[in-house]
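User: I would like to go through a model and learn how to read its features one by one. Where should we begin?

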Amino acid sequence: MSNREHRTLSVPEGVAGERIDSALTRVLGLSRTAVVKLLEDGDITTSGKAMAKSERVSAHQIIEVLMPAPINQDPIPLTPLEGLSIVYDDDAIVVIDKPVGCAAHPSPGWMGPTVVGALMAAGYSISTSGAAERQGIVHRLDVGTSGLMIVAKSDRAFRVLKDAFRNRMVDKMYHALIQGHMDPASGTIDAPIDRHPKEDHRFAVVATGKDSITHYEVIEFYRGVSLVKVELETGRTHQIRVHFSALNHPLVGDTTYGADPVLAKSLEMRRPWLHAKELSFDHPITGEHLSFCAPYPADLTRSLALLSDAVLP
């Protein structure tokens with residue numbers, strides 16, 4: 001006899017118009033991979049018909065979901081990681097400077113280190129509700145992005161921080177090295193983002209996508225590239241990479257989104273030049289305003305040194 005739960009949902013207005021896979025990822029608290037598997041197995045239906053992952057939902061639509069079997073009994077793999085820098089730590093949160101090559105949390109197909117696994121391996125206690133593989137994760141950085149990241153250590157901190165991110169009360173500032181010279185040198189990119197219509201591993205500017213707003217300001221012009229400060233008003237997956245690529249200024253080293261591989265090689269970049277430089281937020285328990293800044297890692301510093309004799313006036 002299966003112990004899987006049968007759940008009936010009425011689509012909230014807040015996710016109306018989204019694709020079913022994206023909407024249920026937010027509503028159910030499952031990973032997108034888990035939701036896609038349910039869709040592929042025919043375990044998500046509406047009006048008695050199985051739904052496809054490309055279908056969009058409407059407000060108050062009734063959806064039936066056969067939830068996956070509980071997996072909380074499976075331990076999170078411990079993944080010791082050299083170079084994981086702890087910037088701040090207390091009973092409620094830990095702020096880290098994430099190195100490149102580390103995923104936020106375990107996921108199917110990823111065999112490398114994870115933030116959650118590395119922290120647990122180092123003796124940090126992280127215990128929050130929700131999907132077991134996403135313990136404490138209130139926001140994410142890509143595997144190929146370095147920099148500051150908050151992890152919640154308690155349920156209360158997790159809930160407060162998730163709300164803070166959702167309500168855009170966390171200030172996130174990145175530095176990116178982009179191809180070409182931005183003109184104007186400061187501005188706002190306001191262009192909706194969704195999954196690429198033909199390549200599921202990529203995202204793209206899509207007319208029917210989610211609102212996505214990126215503010216930028218050039219820090220320095222180099223020969224053929226610009227170092228820019230980027231502040232996110234929204235936090236879509238790959239948002240910075242997609243927005244600058246859409247303007248024909250892809251991040252140096254970001255060949256997934258159209259960067260020049262020859263330029264990347266000349267600057268010894270093997271990943272997108274992107275670093276989560278500054279992070280400011282109110283502590284989820286005490287309310288104290290916290291601000292942190294993380295230095296560039298060695299690979300980004302090296303690439304700038306290669307450009308240092310080519311600064312434009």
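User: Which side chain does D89 meet in a salt bridge?

Analyst: Side chains of opposite charge can pair when their charged atoms come close. This is a predicted model, and in it the side chain of D89 meets that of K153, with 2.8 Å from N to O. D89 belongs to strand β5 (residues 85-89), while K153 sits in the loop between β7 (146-152) and α4 (155-166). The two are 64 residues apart, and the pair links distant parts of the chain.

User: Is D89 buried or exposed, or something in between?

Analyst: D89 has 38% relative accessibility and counts as partly exposed. K153 is at 14%, and it counts as buried because the cut-off for that class is under 20%.

User: How many salt bridges does the structure hold?

Analyst: The structure holds 11 salt bridges. One of them joins R241 to D142, with the closest N and O atoms 3.2 Å apart. R241 lies in helix α5 (residues 239-246) and D142 in the loop between α3 (115-121) and β7, so this pair ties together parts that are 99 residues apart in sequence. R241 is buried, at a relative accessible area of 10%, whereas D142 is partly exposed at 23%.

User: Which residues are linked with R241 in a network of salt bridges?

Analyst: The network links R241 with D142 and D254.

User: What does the pair of K229 and E217 look like?

Analyst: Their side chains meet in a salt bridge at 3.8 Å, N to O. K229 is in strand β13 (residues 225-232) and E217 in strand β12 (residues 213-222), with their positions 12 residues apart in the chain. Both ends are partly exposed: K229 has a relative accessible area of 27%, and E217 is at 41%.

User: Next, empty space. How many cavities of 30 Å³ or more does a search of the whole structure find?

Analyst: Rolling a probe the size of a water molecule over the atoms shows where empty space is left. Here the search finds 2 cavities of 30 Å³ or more. The largest has a volume of about 40 Å³, and the second largest about 30 Å³.

User: Which residues line the largest cavity?

Analyst: The lining consists of L9, V11, P12, V15, A23, L24, V27 and V57. By class, that is 8 nonpolar residues, with no polar and no charged ones. Helix α1 supplies the largest share, 3 residues.

User: What classes of residue line the second largest cavity?

Analyst: Its lining has 6 nonpolar, 1 polar and 2 charged residues. The residues are H139, L141, L148, K172, M173, Y174, A276, E278 and L279. Strands β8 (171-179) and β14 (274-282) each supply at least two of them.

User: Which elements have the lowest and the highest mean pLDDT?

Analyst: Among the elements of the chain, helix α1 (residues 20-28) has the lowest mean, 80, and strand β15 (residues 289-293) the highest, 98. For the chain, the mean pLDDT is 88, and 93% of its residues reach 70 or more.

User: One last residue: where does G42 lie?

Analyst: G42 lies in the loop between α2 (32-40) and β2 (44-46). G42 is partly exposed, with a relative accessible area of 31%. Its C-alpha atom is separated by 9.0 Å from that of L66, a residue 24 positions apart from G42 along the chain.

Technical notes. Residues are numbered from 1 along each chain as its sequence is written. Side-chain values use heavy atoms; hydrogens and water are left out. A salt bridge is a side-chain nitrogen of Lys or Arg within 4 Å of a carboxyl oxygen of Asp or Glu. Helices (H or I, at least four residues) and strands (E, at least two) are DSSP runs, numbered from the N terminus. Buried means under 20% relative accessible area, exposed over 50%, partly exposed in between (1.4 Å probe, protein chains only). pLDDT is the predictor's confidence in each residue, from 0 to 100. On a 1 Å grid over the protein atoms alone, a cavity is a set of points where a 1.4 Å probe fits but cannot get out, and a pocket is an open set with protein on both sides within 12 Å along at least five of seven lines; lining residues have an atom within 4 Å of a point. Grid points are joined across faces, edges and corners, and a volume is the space filled by probe spheres set on the points. Ala, Val, Leu, Ile, Met, Phe, Trp, Tyr, Cys and Pro count as nonpolar, Asp, Glu, Lys and Arg as charged, and the others, Gly among them, as polar.
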